[in-house]
Amino acid sequence: MKIDILTLFPKMFEGFLNESIIKRAIEKKIVKINLINFREFSSLNNNQVDDTPYGGGAGMVLMIEPIVKAIESLKTKDSHIILLSPQGKVYNEKKAIKLSNYKHIILICGHYEGFDERIYEFIDEEVSIGDYVLTGGEIPAMVITDSVIRLLDGVINKESIENESFSSSLLDYPTYTKPREFRGLKVPDILLSGDHKKIKEWREQKQKENTFKKRKDLL
Ligand SMILES: C[S@@+](CC[C@H](N)C(=O)[O-])C[C@H]1O[C@@H](n2cnc3c(N)ncnc32)[C@H](O)[C@@H]1O
């Protein structure tokens, strides 16, 4: 899979791409990630990419030309183009699964007041990571990239994904590790019993209880 990220602040991705599971997925060539600074596509003096809004008002608006030129330099028949915006449809695991099936995703990170409205003619969909406003699309791009990469074959153990929260309508079951007891708090006996059938049943029951307690809306 290839993910191209259009951003004015590529350095924000340094830590994200160079640590842990994402780094390994890139090294194993399961995913290729390119950071494209669309400032390089500006045809104006000083590589300007934003200007004041027509009609007046606060802040600076991202100009359409550099972004569209950047898109055109990357787009193929396999590309799926996503505009990151708080006005988009709110992202979830179902969407991550859908995106993980594309061969090529282009993520467009906004900044300042956002995009010139005409950008909608050049994208496939608008995605938000939640009902709040961030300073830029870089963190949303990382959220989407991370959640998609971990679903790709060979990145993490398939079993881990199958039992996880949101993979069905239930949240994950509770997990414990060593020590068996911490300040009087004990690991449930069933998990130490070695009876795998019973452990499976206990976990299924806990998934239901957990979801009922924390996220009734999912049931
Ligand atoms: C300050 S925001 C612009 C907000 C815009 N004026 C509005 O009210 O809809 C700047 C950029 O950050 C990104 N952004 C901010 N919040 C986001 C969110 N919840 N989901 C996705 N992207 C977001 C978008 O790329 C956006 O263009």
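What is the mean pLDDT of the protein, and what percentage of its residues reach 70 or more? The mean comes to 97, and 100% of the residues reach that mark. This is a predicted model, and its confidence does vary from place to place. Helix α6, residues 158-163, has the lowest confidence, with a mean of 82, while β6 has the highest, at 99. As a general caution, predicted coordinates should not be read in detail where pLDDT is low.

A good place to start is the sheet. Five strands line up in the order β2-β1-β6-β5-β7 to make an open sheet, and their pairing is parallel. The edges belong to β2 (32-36) and β7 (125-128); each has a single partner strand, so one side of each has no neighbour in the sheet. Going from one strand to the next, the twist averages 30 degrees.

The pairings can be followed one at a time, beginning at the β2 edge. β1 and β2 run parallel and are joined by five bridges, with I5 standing opposite L35 of β2. β1 also pairs with β6, again in the parallel sense and over five bridges; here I3 sits opposite I105 of β6. From β6 the sheet carries on to β5. Strand β5 covers residues 79-90, strand β6 covers residues 104-108, and the two run parallel with five bridges between them. Two facing pairs help to picture this pairing: H80 has I105 as its bridge partner in β6, and I82 stands opposite L107 in β6. I105 therefore turns up twice, facing I3 and serving as bridge partner to H80.

How enclosed are these strands? In β1, four of the five residues are buried, so the strand is largely enclosed by the rest of the structure. For β6 the story reads much the same way: four of its five residues are buried, so β6 too is largely enclosed by the rest of the structure.

Next comes the nonpolar core. In soluble globular proteins, nonpolar side chains tend to be buried together. The largest nonpolar core here has 31 residues, and the members that touch the most others are L6, I67, I82, L84, L107 and I108. Both strands and helices contribute: β1 (2-6), α2 (20-27), α3 (64-74), β5, β6 and α5 (138-149) each supply at least two residues. The largest share comes from α5, which gives five residues. I82 and L107, which face each other across the β5 and β6 pairing, are both on the list of members with the most contacts in this core.

Away from the sheet, L99 is worth a look. L99 belongs to helix α4, residues 93-99. Is L99 buried or exposed? L99 has 22 other C-beta atoms within 10 Å, so it counts as buried. In sequence, L99 and V148 are 49 residues apart, yet their C-alpha atoms are 6.6 Å apart in space.

The ligand comes with a shell of 20 residues, and the closest of them are G110, G114, L134, G137 and P140. By class, the shell is made up of nine nonpolar, 10 polar and one charged residues. β5 gives the most to this shell, with four residues. So β5 plays into several parts of the picture: the sheet, the core and the ligand shell.

Finally, a few spots in the backbone stand out. Most residues other than glycine have a negative phi, and most peptide bonds are trans. K29 goes against the first of these habits, with a positive phi of about 65 degrees although it is not a glycine. K29 is found in the loop between α2 and β2, and it counts as exposed because it has 8 C-beta neighbours inside 10 Å. F166 also has a positive phi, about 75 degrees, and is not a glycine either. F166 lies in the loop between α6 and β8; with 16 other C-beta atoms within 10 Å, it is partly exposed. The loop between α6 and β8 (181-182) also holds P179. The peptide bond joining K178 and P179 is cis, with omega at about 5 degrees.

Notes. Residues numbered from 1 in each chain as written. Predicted model: local features only at pLDDT ≥ 70, side-chain atom pairs only at ≥ 80, totals over all residues. Pairing = 2+ DSSP bridges. Axes fitted to C-alpha atoms, helices over the stretch in contact; angles between N-to-C directions. pLDDT = per-residue confidence, 0-100. Near = placed C-beta within 6 Å. Nonpolar A, V, L, I, M, F, W, Y, C, P; charged D, E, K, R; others polar. Core = buried A, V, L, I, M, F, W, Y, C linked by C-beta atoms within 7 Å. Buried ≥ 20, exposed ≤ 12 C-beta atoms within 10 Å, placed from the backbone.
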